[in-house]
Amino acid sequence: MTITDLRINGDRLKGTLETMATIGATPGGGVQRLALSDEDKRARDLFVKWLEELHLEITVDEMGSIFGKRAGKRNDLPPVMSGSHIDSQPKGGRFDGILGVMGPLEVLRTLHENSIDTERPIVIVDWTNEEGSRFAPAMVASGVWAGTLDRDWVYQRTDINGNKFVDELERIGYRGKAAANKWPVHAYYEYHIEQGPILQQEGKIIGAPKGILCLHWYDIYLEGEANQVGPTPMEGRHDALCAAAEMILKVNHLPQKMGGNMVATVGEIQNGPNSRNIIPDKVHFTVDIRSWDDDHALRGWDDLKADFKSIAARRGCPMRIEETWRVAHAPFAENLVRRVLDTAQELGYPSLHMVSGAGHDASYMNQIAPTSMIFVPSIDGRSHVEVENTRWEDCEAGANVLLHCILKSANEISG
Ligand code: GLV
Ligand code: MN
Ligand code: MN
C-alpha cells in the first residue's frame with residue numbers, strides 16, 4: 001500500500017464520537033458540556049487517556065488546553081497542528097468542536113497502527129472554552145496562546161453564577177503548568193462541521209473556507225425603576241425590559257439597514273427581578289455582530305450605539321455598554337485552502353470554496369501560523385442545537401481529507 005491509499009477507520013471514528021456523545025448527553029439527543037464543567041472534565045480525562053494510548057507527549061497549559069505531540073523524524077522543524085474544542089453550547093450538538101478533536105485523533109491512530117513516520121512532528125490540541133457561552137468571550141485559550149488575549153483578564157471572567165474561570169479551571173484539575181505561549185507552527189488545520197446549510201444545498205461533501213467573518217461581542221446593562229405593576233401608571237415608568245426590547249429589534253434590523261454582508265443577533269438576556277408583577281429594573285443582554293468586512297461591522301455598531309443611547313434617554317433607563325470582544329476577520333493561507341480543495345478532489349469528494357460564519361480557534365491560529373479549515377455538511381444546516389447532525393460517511397470523508405492534508409504538510413521539509 002502506498003501512502004496515497006491510506007484511509008482512516010470510519011467505524012472507529014464513529015465509535016469515538018458516539019462515546020464522547022454520552023458525556024453530557026441531553027434528553028433531546030444533544031450534549032451539554034459547558035467549558036470547565038464536570039462534563040468537560042470527564043471528556044478531557046477520556047481524551048487524555050486516548051492520547052496516552054498513542055504514547056504522545058502530553059502537555060496541559062495554564063489555560064487548560066491539552067496538547068498531544070507525536071514526534072517526527074525532524075523534531076527541530078515546527079510541527080503541523082490540528083484540533084478544535086471539547087466544550088459545547090448549552091443543549092448543544094454532538095459534532096460541534098468534538099469532531100475537530102476526534103478527527104485528528106483518528107488520523108494519529110491511523111498513522112500509529114500503520115507505523116507511518118512523518119518528517120515533522122504532529123500536535124493534536126483541545127482548546128479550552130471555544131464556545132464562550134459559559135465564560136464570555138469565546139476562543140479564549142487559543143487567543144491567549146496566540147498572544148492576543150491577556151491570560152489574567154480571561155482568568156477573572158465569571159459565569160452567570162459568579163464563578164471565576166481560573167477557579168473552575170483549578171477545580172476540574174486542568175490548570176496546567178506550561179505557559180500558554182505560541183511556538184512556531186508549520187500549518188494548522190481545523191476540522192469542523194459547517195454549521196450552516198450551504199454544503200447540503202450545493203450537494204458538496206467538503207467545504208474549504210477562505211476564512212472566518214469578524215466577530216464583535218457587546219454586553220448591554222440597563223437600569224430601570226422597579227415598582228408594583230398594578231398601582232403604577234403606565235406614564236412615567238422606567239422599564240428596563242421595554243428599553244431592551246426596543247434595542248433588540250434595532251439589532252435584528254441592523255443588517256438590512258446597513259446592507260452588505262452582515263449578521264447581528266441578541267442571543268442572551270437576563271431580566272431582573274424577573275417577576276411578573278414587578279416593573280423590571282435590571283436587564284443585561286448581549287449583541288453579536290459578524291461580517292467579512294471589519295469596518296462595516298464597526299459602522300453598524302456605531303449606528304446601533306446611537307439608537308441605544310436615544311432609547312435609553314427617552315425611557316429614562318441608564319445604560320452601560322461593555323465592548324467585550326473583537327476578532328478581526330481571518331483570511332486563511334491560500335496555499336492551505338487550495339490544499340484542502342485539491343486533497344478533496346484527489347480523494348473523489350465534491351468540494352466548495354466558501355466562508356465560515358461561525359467562529360473557530362482557527363481565527364486566532366491564523367494570526368500566528370498558516371491556517372485553513374475542512375468543513376463537512378450539517379444536516380439541514382442546524383447547529384448549536386440538540387438535533388445537530390452530520391452523516392457518518394461525511395465525518396469519515398472529512399477525516400480522510402484531514403489525514404492527507406496533515407501528511408502533505410508534515411512531510412514538507414522546507415517552509
Ligand atoms: C462559535 O461557536 C461561534 O459563536 O460561532
Ligand atoms: Mn465549534
Ligand atoms: Mn460552537
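Let's start at the metals: the manganese ion (ligand 2) and the manganese ion (ligand 3) sit 3.5 Å apart, with D96 coordinating both. Keep in mind as you look around that this is a predicted model. The pair links distant parts of the chain, with H85 in the loop between β3 (80–84) and α3 (99–113) and H192 in strand β5 (residues 187–193), 107 residues apart.

Now zoom in on the manganese ion (ligand 2). Its coordination comes from H85 (NE2), D96 (OD) and H192 (NE2), at 2.1 to 2.2 Å. Along the sequence, these donor residues follow the spacing H-x10-D-x95-H. Are the two histidines buried or exposed? H85 counts as buried because its relative accessible area is 0%, and H192 is likewise buried, with a relative accessible area of 0%.

From the metals, let's move along to helix α9 (residues 294–315). This helix has 22 residues and covers 31 Å from its first C-alpha to its last, close to the 32 Å expected at 1.5 Å a residue. At its start, a side-chain oxygen of D293 comes to within 3.0 Å of the backbone nitrogen of D295. Just past the other end, G316 adopts a positive phi of about 65 degrees.

Which way does α9 face? Its buried residues include D294, W301, L304, F308 and I311. Viewed down the axis of α9, the buried residues fall within an arc of 140 degrees, so they line one face of the helix. These buried residues pack against β7 (214–223), α8 (240–258), β10 (282–291) and β11 (319–327). On the other side of α9, you will find K309, A313 and R314 exposed.

Key:
Residues are numbered from 1 along each chain as its sequence is written. Chains are lettered from A and ligands numbered from 1 in the order in which they are written. This is a predicted model: local features need pLDDT of at least 70, side-chain atom pairs count only at pLDDT 80 or more; totals for chains, interfaces and linings use all residues. Side-chain values use heavy atoms; hydrogens and water are left out. Helices (H or I, at least four residues) and strands (E, at least two) are DSSP runs, numbered from the N terminus. The expected span of a helix is 1.5 Å times one less than its number of residues. Buried means under 20% relative accessible area, exposed over 50%, partly exposed in between (1.4 Å probe, protein chains only). The arc is that of the directions from the helix axis to the C-beta atoms. Contact means heavy atoms within 4.5 Å. A polar contact is a pair of N or O atoms within 3.5 Å; within protein, one must be able to donate a hydrogen and the other to accept it, and residues adjacent in sequence count only if both atoms are side-chain atoms. Donors are N, O and S atoms within 2.8 Å of the metal (3.2 Å for Na, K and Ca); water is not among the atoms, so sites may look incomplete.
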